[in-house]
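Please open the model in your viewer and keep a selection panel at hand. The stops below go from charged pairs to a backbone feature and then to a pocket.

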Amino acid sequence: MQQFDEQDYTQRFSLSLWRKILLYTKEYYPDLCKLGATMAVTAGCDVVFPLMTTYAIDHFIPNLDHPGTMEGLPGFIGVYLLILAIQVASIFYFLYLGGKIEVGVCYTIRKQAFRKLQELPFSYYDRMPVGYLMSRMTSDTQRLADTIGWSMLDLAWGTVMLAAASVTMLVLNWKMALMVMLVVPPLALVSWWFQQRILKAYRAVRKTNSKITGAFNEGIMGAKTTNTLVREEMNMEEFTELTHAMKKSSVRAASLSAVYLPIVVALGSVATAYALWKGGSAVLVGGMTLGVLQAFINYTVQFFEPIRNVANVFAEMQSAQAAAERVLTLLETKPDIVDTPEVEEKFGDNFHPKKENWPALHGDVEFCHVDFQYKEGEKVLSDFNLKIKAGETIALVGPTGAGKSTVVNLICRFYEPTAGEIKIDGVNYKERSQLWLQSNLGYVLQEPRLFSGTIRDNIRYARLDATDEEIEAAARMLNAESFILRMDKGYDTDVGEGGSRLSTGEKQLISFARALLADPRIFVLDEATSSVDTQTEQIIQQAISKVLKGRTSFIIAHRLSTVRTADRILVIDDGKIKEMGTHQELLRKKGAYYKLYTNQFQEEQAMEILGKAEETA
């Protein structure tokens, strides 16, 4: 199972964090204002109804102080129904607004987060598992949207209702009102104590949820490996530990909330009982009418109803803050590689390119005293120097971990040197935009990555405005059309998720065609033929010379048969160029390349002999 220690959040409940989150939902400010106004109307109706009841009791119903009369009853009923209609309309409208805000905020934050993921460099994905990102984009974002859409609604109602009920009670009987309000300080103290512990518990819940999402992702993506290694039982044990931790944290959070709310209710009940006792005594001695007593009791209940509501919202926000912290961490992540403001001003950014200012890329590449090391790890390159002419094919060979992939990743600006500089066409590539460089790159990986859709869609992915004729021409150049036309629907055949319906060799040919369609000036083949069969490798080899002609290209290869035609072969070891030359020159030297080549040739010969022996047996 993938292990990753996520950032811990130790801050207390933070209003500044919520202000930051709300900044990402600016377009919904008008709706939030409408929601607040609608809730104020609803709360105002709730405050008026007890006064209407007071008037009815003291005016229409016979009692010790008043004989009662039916005069004004039709008008009273009309006003009552009007207020009721206003309240019903406002309830309908705030439900509509709440749903709109919830869905809209979820969409907006996910869009912002997805955009951020497009901007972040490879180094971010090196340290951040897919499951954790999925958790932020799905459950954390949904939790946040629910809170902004609905909890804010309850908070608006509770605040207005609390203020209106307080003012009305003070007007009716300020002494009794102050006695009722004495409960608020202990209530605030209890709330502070519980919110610390509820927030801590919910942070643990959200953190564990990310681990569970990561476990799901690995379990699905690695199903074949799990089965072949008979890891099912061990994986189940590890997953059970995660779900147990999730259950433990969730139960603790729920238990704290379950204890917190009854305490709020109990304190409110004590205040209501006090109001009933004092008000009842006043009615008996004629100091207060029965209608005013019922109104005061209603307001006492209403006073604590919004407090309970706000307390519930507060508990919900403890949970949502854990999600908010995690989403905000993603949204505020600073890319390791950024263009300077001057570069963006001239060449644009990833989403607003100024292609009219882009210079043509010819393909000269130069490493000038380059050092590089990953954030956590030893230095990979040290004082690395290399000059490549436009149109030259460079092969990189050497042992695993020697620095071959690092060299091409630096050329592609997936990473940047920690010292020294890399020049493209004689200019430090930091003086050009990332998009300019990467728009001129063709990159074919060892493990081809296809997307759901048809073969045609996957090839067109490199250039969305490409015509069908251009797509088919790219496939023909790579000798891929022969297998494509054998498919049931040809170019319109669905490849399945990740290309699951195609063989590795077929997927690789499509990824080659996709890279070729972009017409890149710099081509990178990173172990591009190591995962295909010999026959497919030969097909690709036949096409490579045509594809790479006139382009600056870099070939990382384990199979040395794929690099024999390169203009220069670099033997990389320990981050340095150990040998450099053509295939024939290096063989004549009888150095490191000669040993690599002869050892591999002998292994291939031995495997071929064994294969023939098995066939004749």
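In this predicted model, the structure holds 19 salt bridges, and a few of them make useful first selections.

Begin by selecting Asp31 and Lys100, which form a salt bridge whose closest N and O atoms are 3.3 Å apart. The pair links distant parts of the chain, with Asp31 in helix H2 (residues 29–59) and Lys100 in helix H3 (residues 73–119), 69 residues apart. Asp31 is buried at a relative accessible area of 7%, whereas Lys100, at 36% relative accessibility, counts as partly exposed.

Next, select Glu472 and Arg456, another salt bridge, with the closest N and O atoms 3.3 Å apart. Glu472 belongs to helix H15 (residues 468–477) and Arg456 to helix H14 (residues 455–460), so this pair ties together parts that are 16 residues apart in sequence. Adding Arg460, Asp468 and Asp492 to the selection shows one network, in which these residues are joined with Arg456 and Glu472 by salt bridges that share partners. Arg456 counts as buried, at 12% relative accessibility.

Move on to Asp339 and Arg413, whose side chains meet in a salt bridge at 3.2 Å, N to O. Asp339 sits in the loop between helix H10 (290–331) and helix H11 (341–347), and Arg413 in the loop between H12 and E4, so the pair ties together parts 74 residues apart in sequence. Both partners are buried, Asp339 with a relative accessible area of 10% and Arg413 with 2%. While Arg413 is selected, check its backbone: phi is near 65°, a positive value in a residue other than glycine.

Which residues does Arg432 touch, leaving aside those up to four places away in sequence? Select Arg432 in the loop between strand E5 (427–428) and helix H13 (434–438), and its contacts appear as Asp339, Val343, Phe347, Pro359, Arg413 and Val427. Arg432 is buried yet has no salt bridge, the nearest side chain of opposite charge being Glu431, 4.9 Å away.

For a second positive phi, select Lys590, where the angle is near 55°, in the loop between helix H19 (583–589) and helix H20 (592–616). Lys590 counts as exposed, at 55% relative accessibility.

Finish at the second largest pocket, which holds about 410 Å³ of space. Of its 15 lining residues, Ser123, Arg127, Asp336, Tyr374 and Lys375 lie nearest the centre. Helix H4 (122–127) and strand E1 (365–373) are the elements that give two or more residues to this lining, and H4 supplies the largest share, three residues. Coloured by type, the lining divides into six nonpolar, three polar and six charged residues.

How values were computed. Residues numbered from 1 in each chain as written. Predicted model: local features only at pLDDT ≥ 70, side-chain atom pairs only at ≥ 80, totals over all residues. Heavy atoms only, no water. Helix = DSSP H or I, 4+ residues; strand = E, 2+ residues; numbered from the N terminus. Buried < 20%, exposed > 50% of the residue type's maximum accessible area, 1.4 Å probe, protein only. Lys, Arg positive; Asp, Glu negative; His and termini not counted. Salt bridge = Lys/Arg side-chain N within 4 Å of Asp/Glu carboxyl O. Contact = heavy atoms within 4.5 Å. 1 Å grid on protein atoms, 1.4 Å probe; cavity = no way out; pocket = protein on both sides within 12 Å on 5 of 7 lines; lining within 4 Å. Points joined across faces, edges and corners; volume = space filled by probe spheres on them. Nonpolar A, V, L, I, M, F, W, Y, C, P; charged D, E, K, R; others polar.
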